[in-house]
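Open the model in your viewer and keep the selection panel at hand. This tour moves from stop to stop, saying what to select and what is there.

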Amino acid sequence: MKNKHILFLTVLIAFSFFSCKESEKERSQKAIDLVTTQTLGLAYLEEFKLPEAEKEFLKLIDLAPNEKMGYANLGLTYLRMGKYVDAETQLFKALKIDSKDADIKLLLATVYLMDDEREKALTELTTALAFAPNHIKILYALSEFYTTQLEEASQNKREKYLLQLVEKAPGNLVPRLNLTEIYIRKGATDNALEQLERIHKQFPEFPNEAIEHFDNTTVLLKKTESEKALIPFTIFNNYLKVTAPYQEGMMDLKGPGGSLIGFPIITYNTQTSSRISDNKSLLEVIKFTDITASAGLDLVPNFAADKNTGPKNFTHLAVADYDGNGTTDLYVGNFDPKSNAYKHYLFNNDMVKFKEVSNEAGIEHAGAETSATFADYDNDGFLDLYVVKETGAILYRNSGKGRFEAVTTSAKITANNNVNKALFVDLDHDGDLDLFETTAASNLVFRNNGDGSFQEQAAKMGLSGTSANAHNAAFGDFDDDGDIDLFVANENAGNHLYSNQRQGIFKDRSQASGLTSKTGSSTVSVGDFNNDGFSDLFLTSLDGAKTELYRNTGNGSFEWVKNAKKMFEGLQQIKIYDTQFFDFDNDGFLDILIAGEPVNKEGRGLFLYHNNQKGTFVDVSKLLPNAPKSGRQIALFDYNDDGDLDLIIAGLNGGVSLLRNDGGSLNHYVNMKLVGLRAGSAKNNYFGIGAKVEMRAGDLYQSMVVTNPNVHFGLGNRAKADVIRITWTNGVPQNIFLPEADQALIEAQTLKGSCPFLYTWNGEKYVFAKDIIWRSALGMPLGIMGGKAMHAFPDASDDYIKISGEQLKPKNGTYNIQVTSELWETIYIDKLQLVAIDHPDSVAVFVPEQFSPPPFPGLEIYQVTNKITPISATDANGTDVLPFIAKKDDKYLSDFKPGKYQGITETHDLILDVGNAGNAKKLLIFLNGWIFPTDASINVALSQSESFKMIRPSVQVIDKKGNWKTVIENLGFPMGKDKTVIADLSGKFLSSDHRIRIQTNMEIYWDYIFFSVDNSIAPIISTVLNPSAAEIHYRGFSNTYKKGGRYGPHWFDYYAVDKNKKWRDLTGNYTRYGEVLPLLMASDNQYIISNAGDETSIKFEAKTLPKLKKGWKRDFLIHSVGWVKDGDINTALGSTVSPLPFHGMMSYPPSKKDFYPKASLQKYNQQYNTRTVSPDDYRHAIKSKN
């Protein structure tokens, strides 16, 4: 049974159960008996052997009469037997010991529901929720309780519980669908759309049959036709109910149902007074038990030792939840002595019993294999399978329906013999998994193009290596700079450490890193064994004599752990084939498992080393069973979902062995699964492979780089983790405070790069007004041209942005603004002015705020006296969208479907009818809205395939033949939030049909569109104000919300501020805090260099302005000059403040002809730019309790 839902806040075994007069040996044996009895009882429950389970739990009660677990699980046993009175009796006994155990309360409620005592069940559930408000199973049970009660009060309660459930279990599909249905039924179309969009973004790809009904539901909801939308939604919902994600969600909330009703209890009493307080005591009760046969894995045959003649008979394995139902499945390749042929097996985990399903799943190849791995190469949320054979490799795409399809040819992965290791990892940080292979000849890199195909790029990326017979490879961020590096273990040459230089380039830093060039390496494992936040290395060899442990110093170099040879002296006569770091006892420190072949055939080839938390390891191989004694490959997973890691070993002579960890879960733990957003984002691969995850629980800190979908941390005797920080592969950090013991962590779609924020004093408070300096994007990749990477222009942004008079009022004789740096970027502000525009109040003034490359338009003011609303506005389907754009009301037009990437949608049309205004000699269009842009890494991904192209907004009109013809190729797009695009349509119409069509696939949300036929030349008085005071200081980060609902732009609350550091700062010298007025007075390369979290307070003297005339109005423009460089992994030079930009440079990164005027700016730099920022603040942010 899947116990993933259970919170294992387990208190260790109490020796107080046993008499003080007993010897230490007797007490230890009874403790072992307790663990054994518990394990057997739970195993019998899972297998529905209820009489046997009853016997074990009665024995457990006899051993530990003061423990709730025995009574509770005996009650569950009687519940499954249908003995409700007996179940109630035992559960009462358990609650007498611990009345605040919500899981036991849930069991008692289930007993009452089965016995048709609904009111008693409701009482137990509501009582439990009062002291366990985050308990997702109780929340779901309460929501289901009111399902059939259709009166308004009951449905409101159901909605309330579902809202809480969605918040507590954001990765569960079931409550989101239930909540969506409630919203549709009550006509809350906006809320229903929000839930559907979240489902679309974060859950695996929908079945093909469901997509049409999802789209129809969305279209009808946008038309606010909720009654009609209920029909396609119901069909869509029914299709999803049979998918694995839905079934996994039901398993988490309700269990498998049927005869396996209820959830076992695995939590010990929190009141237990005496615990095992040291690792030595805990190790006495842990053991690994061989359960291969009972799990159904004895189907994989062994073969005689003389058949083990080389790679063609290697047994290998790979583990993953390929069908997405929450249980781990298994792929095995093995020589079959009966048929004298190599066979493959795909084992589906069906309630901890494995069933071979390779034929049904479409795995149909033949021939000897050397390895296999599961990876989601196409980011659809389903794990695909890559099988390495002697004659090449096969890529199987997972259809999401339990079947695989061979796509090697269409994926353009060329056949390569003698592949030793295959790794899927996002080497270029563009959001999808690339394929790295080591071979006897050279390394290969198949770059993922994002369209289902790959392209070999090893030489171009600097990763081809030499003819070194590379046996193994591993990835990690070895220099802790935020990008993925590679370590390659070679047999015939020195090992290689490849440091990621970003932009798809790697550099060999083996010698500089301190990793001496020794030959003969066979395996490498990566893990933070000393919990300092840096990835360490464990290296072995085929002769066992070169076992080495390297400690990462944190600056990209390694130190050899000098006593490693003595620690691992037992391995000197072992041919080592595989090693793994893992925490088998959940004490929060990584242990080591080694699999190999002893030189002495009677010797041991499997070794387990325990981390003593002091930087050394102790051999505890006695915890392993007598057989198997050797092995070729190791895989780790929590087979029975009890909170500790179990082992599966591929044998030297065939067969696999499943070793269950009994006792490791006596310490607390956290399990998690990362979920990257899919549709409308695609910034990170779906399972977060390559992300760095850090965890702190009290004084315990741990870190790891994610290598598979399941992330596991032991907590020792600490009840709960305090905080988890994920640094996703695109570099964006995400903090989760007080995480549950087992949950999916959903990527937050974070605004990470844009430009400085401008807050203005409106007479009462500071309000967010606009973002500025939007034209600049130093180092932003734009694509590939002529084989070379193209980047954004290096010119400083020189912009005029309108600020309405209502947004800016004088305070004590000055106009006060705040310019903040709140995103992952460095801001270089060279000049800032306030321009007052006085004009008759009968005239509205605008400036063009659309993006355009240099040369920039300068100051150009448009006057409008009469705003003409379009006669009609429709989308491509003829849907009326005029209400969305007829007035400025923060209700944004969103009539498009998100594409794969943020910033790119399906191509959409907006058709506007100008009417008779189209006959005017002068016709202008004004479009106000905002854009959600792509970023550097998305641009890199877009450049790798012809399948993805950005279509800039164009304007088309009807010609005399009735066809649409483009008259404006590039309309432009808003430079950020609340910006106005202005275009001249004069003379553009080609017929009497005065409709225009605006077509794009950019993610632009329009709020207000109007036309003007004015050519007003009303008198305007403009006055330029230079700053009178400017001071820079640290402020922090404003709370974010969506202005105008979910389709509105990110907006910011100036008075709700998080003072903590947020980003991995670009390193280098920033402007020191204090007075900086001289730096804003001229466009002279002497600028403020501002880091994330900084604020510059700027004042302008109001007294210098002329008196406002009667009947006139005063608006303002912000004139800003400067540059922005964001910290995206794929921004050129995006990890450092330098090289500093300057006016007149030809490119960024600077060309050989670009020379920073160092001499003339030396004094400025020495006086102002003296604040040094390093990575240390980010590194240490969660390591300390304080």
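Select Asn928 and Asp978 and show their side chains: a polar contact of 3.2 Å joins them. This is a predicted model, so treat each stop as a prediction. Asn928 sits in strand β48, residues 924-931. Is Asn928 buried or exposed? Its relative accessibility is 8%, so Asn928 counts as buried. Now show what surrounds it. Leaving out residues up to four places away in sequence, Asn928 touches Lys888, Asp978, Lys979, Thr980, Trp1006, Asp1007 and Tyr1008.

Next, select Trp930 and Phe932. Both residues are buried. How do their rings meet? The centres lie 5.9 Å apart and the planes stand at 45 degrees, so the pair is tilted.

**Zoom out**

Colour the chain by domain. The domain assignment gives these six ranges:
- domain 1: 22-131
- domain 2: 133-203 + 205-242
- domain 3: 279-669
- domain 4: 672-746
- domain 5: 751-835 + 1020-1185
- domain 6: 844-1017

Between the C-alpha centres of domain 1 and domain 4 the distance is 32 Å.

Switch to cartoon. The chain has 22 helices and 63 strands. Its radius of gyration is 32 Å, close to the 32 Å that the globule rule gives for 1186 residues, so the chain is as compact as a globular protein of that length. Along the principal axes, the C-alpha atoms fill a box of roughly 100 × 75 × 65 Å. Colour by accessibility: buried residues make up 62% of the 1186 residues. Among contacts with a separation of 6 or more, 66% are between residues 24 or more positions apart.

**Gln863**

Select Gln863, in strand β45, residues 862-864. Gln863 has a relative accessible area of 14% and is buried. Which backbone atom lies 3.0 Å from a polar atom of its side chain? The backbone nitrogen of Ala1018 does. Ala1018 is also one of the contacts of Gln863 beyond four places in sequence; the others are Val843, Ala844, Asp1014, Ser1016, Ile1017 and Ile1020.

**The aromatic cluster**

The structure holds 55 aromatic pairs. Start with Phe757 and Phe768. Their ring centres are 5.5 Å apart and their planes meet at 85 degrees, so this pair is edge-to-face. Phe757 lies in strand β36 (residues 757-761) and Phe768 in strand β37 (residues 766-771), so the pair ties together parts that are 11 residues apart in sequence. Phe757 and Phe768 are both buried.

Widen the selection. One aromatic cluster is formed by Phe757, Tyr759, Trp761, Tyr766, Phe768, Trp1051, Phe1052, Tyr1054 and Tyr1055. Stay on Trp1051 and add Lys1043. Lys1043 lies over the face of Trp1051, at 4.1 Å from the ring centre.

Now centre on Tyr759, also in strand β36. Tyr759 is buried, with a relative accessible area of 0%. What does its side chain reach? It makes a polar contact of 2.8 Å with the side chain of Glu822. Beyond its neighbours within four places in sequence, Tyr759 has contacts that include Tyr766, Val767, Phe768 and Ala769. Asn816, Ile817, Gln818 and Thr820 are also among them, as are Ser1038, Phe1052 and Tyr1054. For a sense of span, pick the C-alpha atoms of Tyr759 and Gly570. They are 66 Å apart, with these positions 189 residues apart along the chain.

**A charge over a ring**

Go to Phe314 and Arg632. The charged end of Arg632 sits over the ring of Phe314, 3.9 Å from its centre.

**An enclosed helix**

Last, select helix α13, residues 244-254. Nine of its 11 residues are buried, so α13 is largely enclosed by the rest of the structure. Which residues of α13 are buried? They are Ala244, Pro245, Tyr246, Glu248, Gly249, Met250, Met251, Asp252 and Leu253. Show what covers them: the cover includes α7 (136-145), α8 (152-168), α9 (173-185), α12 (226-241) and β29 (668-675). Finish at Gly255, just after α13, where phi is positive at about 85 degrees.

Notes. Residues are numbered from 1 along each chain as its sequence is written. This is a predicted model: local features need pLDDT of at least 70, side-chain atom pairs count only at pLDDT 80 or more; totals for chains, interfaces and linings use all residues. Side-chain values use heavy atoms; hydrogens and water are left out. Rings of Phe, Tyr and Trp (its six-membered ring) pair if their centres lie within 6.5 Å; planes under 30 degrees apart count as stacked, over 60 as edge-to-face and the rest as tilted. Helices (H or I, at least four residues) and strands (E, at least two) are DSSP runs, numbered from the N terminus. Buried means under 20% relative accessible area, exposed over 50%, partly exposed in between (1.4 Å probe, protein chains only). A charge sits over a ring if NZ of Lys or CZ of Arg is within 6 Å of the ring centre and within 35 degrees of the ring normal. Domain bounds come from an automatic or database domain assignment. Contact means heavy atoms within 4.5 Å. A polar contact is a pair of N or O atoms within 3.5 Å; within protein, one must be able to donate a hydrogen and the other to accept it, and residues adjacent in sequence count only if both atoms are side-chain atoms. The radius of gyration is taken over C-alpha atoms; the globule rule is 2.2 Å times the number of residues to the power 0.38.
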